Every structure is written in structure tokens, then in C-alpha cells.
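Me: Could you take a close look at one strand in this structure for me, and then show me how the rest of the chain fits around that part? I am in my first year, so please explain the terms as you go.

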Amino acid sequence: MYSSIRPSNDRVHSLTTFSKLERYSYVDEDYAYTEGQQEERESHRNKYKQYIDSLRERRLAKLKRRELVEFDNDKDIGIVPGCGLIPPPIVDSDRDNEKQVPSPPEGLSEKVLTSIELASRQASLQNAVSTTNNQPTTTQEKRDCNTRLTPQQMHQVVIGPSTIDFGEVAIRTVNTKPLVIVNHLDIHVFIQIEIDCRELRQSLPLTQVIPPRTLSKVDVVFESQ
């Protein structure tokens, strides 16, 4: 198979394979533009482009002057801003449609636990590792998992560590690190983990139902490609 001695781009200088000399570039003036002709074509193109841009700028400036004369002027038509506007009255139906904050379950304190209290509870739950289900099965689990957690309750569900360092991972190998989830509440909590990284797609389980006052772990698997 024969190949052309003319490169695809004349401005790119390449070397030959064996002699490492600058490759000879031949331009046939019957079928291709010379360097001078290309510069001339570029000059003509820029000239027409500048002319079209100037026409556009002139047209936009004329349009702005017309809008200024038509709308932004000192003519007073007698309208006072906000004059005669009456706020609508509030009826009982509007109050009924307001979102009500769900009340916490009985026996649950609304007080936000401090870091020391959370650490002491987590230390007491180190041995309370339970077997979790991927989806709620019992009636109690479904009722608890459908309950919207308040900010105080969410503070008592601890997930850590915040960052995971896998260290040096060889190519086509895996490294597994645990992700601990501690439920300090008196109700079941449904946890769903979303992964948008291709290297972590082997991590399991991604959904769990964690019983009250128990600890669960998720195996975060880093797979090096």
C-alpha cells in the first residue's frame, strides 16, 4: 500500500521513521493551495467576517436606541407602583394545607446528642452487630421505614468513616474497607447507598434495614481496572 508524502497538516513537522529527518512535504499547486494562497484566503475570510459583525453590532445598537425612545423616557402616565393592591385574605383551608411536622415516636428524646454521648453509645453497640435485611419485611419494619426522620433523629444515625483511604491498589486487584452504620434510634432505619463510581460497583449491600440500637457494616470494594 502506498502512502502520500504530504502530511495532512502542513503546519505539523514530523520526522521519518528510520533516518529521523524532517519529512519532506510536497504541495502540488494544481490540486492544493500554497502557503501564500492559504494566507490570502484567510485574509478574505476575516474581512467578510468583520463586515458581517459590524452590521450586526450596528443593527443591535439601532434596536437599543429605538427601545430607549419608546419605553425609557420621562413621560408620566400616572401609575403609582403598588397603588390599590390588597393582599388576599388567609382562609381556614389554607391553614389546613400547611405541612405538619411529624411528631417523634413515643419515648424518643428530641434533644440532639453530643459527640461524647454518641461515642459512648457507639462503644456500647460494638458487639451489637445484627443480620440485616435488604428490604423491610415485617409490618413494624415497614411502618418505621416509612417514617420521615427529623433532624434530631438523623443526627443519631452515624455513618463512618467520612473518608476511606484504600492505599495503593495494584491493577486488576481489589481492596475492601468497611463502612460502619450505627443506629442509635428505637426504630428501624432504611439505608440506601448510591454509587456513581465504576471502581466501587462491587460494594455490597447497597440497601439495608438496620434494627434499633444496632450496628451494621457495608463492604466497600475498590476494584482497580
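Reply: Let's start with one pair of residues: Gln192 has Thr207 in β4 as its bridge partner. This is a predicted model, in which local features need pLDDT of at least 70 and side-chain atom pairs count only at pLDDT 80 or more, while totals for chains, interfaces and linings use all residues. Residues are numbered from 1 along each chain as its sequence is written, and side-chain values use heavy atoms, with hydrogens and water left out.

The strands β3 and β4 run antiparallel and are joined by four bridges; two strands pair if DSSP finds at least two bridges between them. Strands (E, at least two residues) and helices (H or I, at least four) are DSSP runs, numbered from the N terminus.

Now look along β4, residues 207-210. Thr207 and Val209 point one way, Gln208 and Ile210 point the other way, and all are buried. Buried means under 20% relative accessible area, exposed means over 50%, and partly exposed lies in between (1.4 Å probe, protein chains only). In a regular strand, side chains alternate between the two faces of the sheet.

Ile210 also belongs to the largest nonpolar core, which has 12 residues in all, including Phe166, Leu200 and Val218. A nonpolar core is a set of buried Ala, Val, Leu, Ile, Met, Phe, Trp, Tyr and Cys residues joined through side-chain atoms within 4.5 Å. The elements giving two or more residues to this core are β2 (174-183), β3 (189-192) and β5 (214-223).

Let's step back to the chain. It has five helices and five strands, and from the N terminus on the order is α-α-α-α-α-β-β-β-β-β. Of its 225 residues, 18% count as buried. Among contacts (heavy atoms within 4.5 Å) between residues at least 6 apart in sequence, 63% join residues at least 24 apart.

For a contrast with β4, visit helix α1 (residues 35-70), where Ile52 is found. Ile52 counts as exposed because its relative accessible area is 54%. In the segment before α1 sits Glu22, which is also exposed, at 53% relative accessibility. Leaving out residues up to four places away in sequence, Glu22 touches His13, Ser14 and Leu15.
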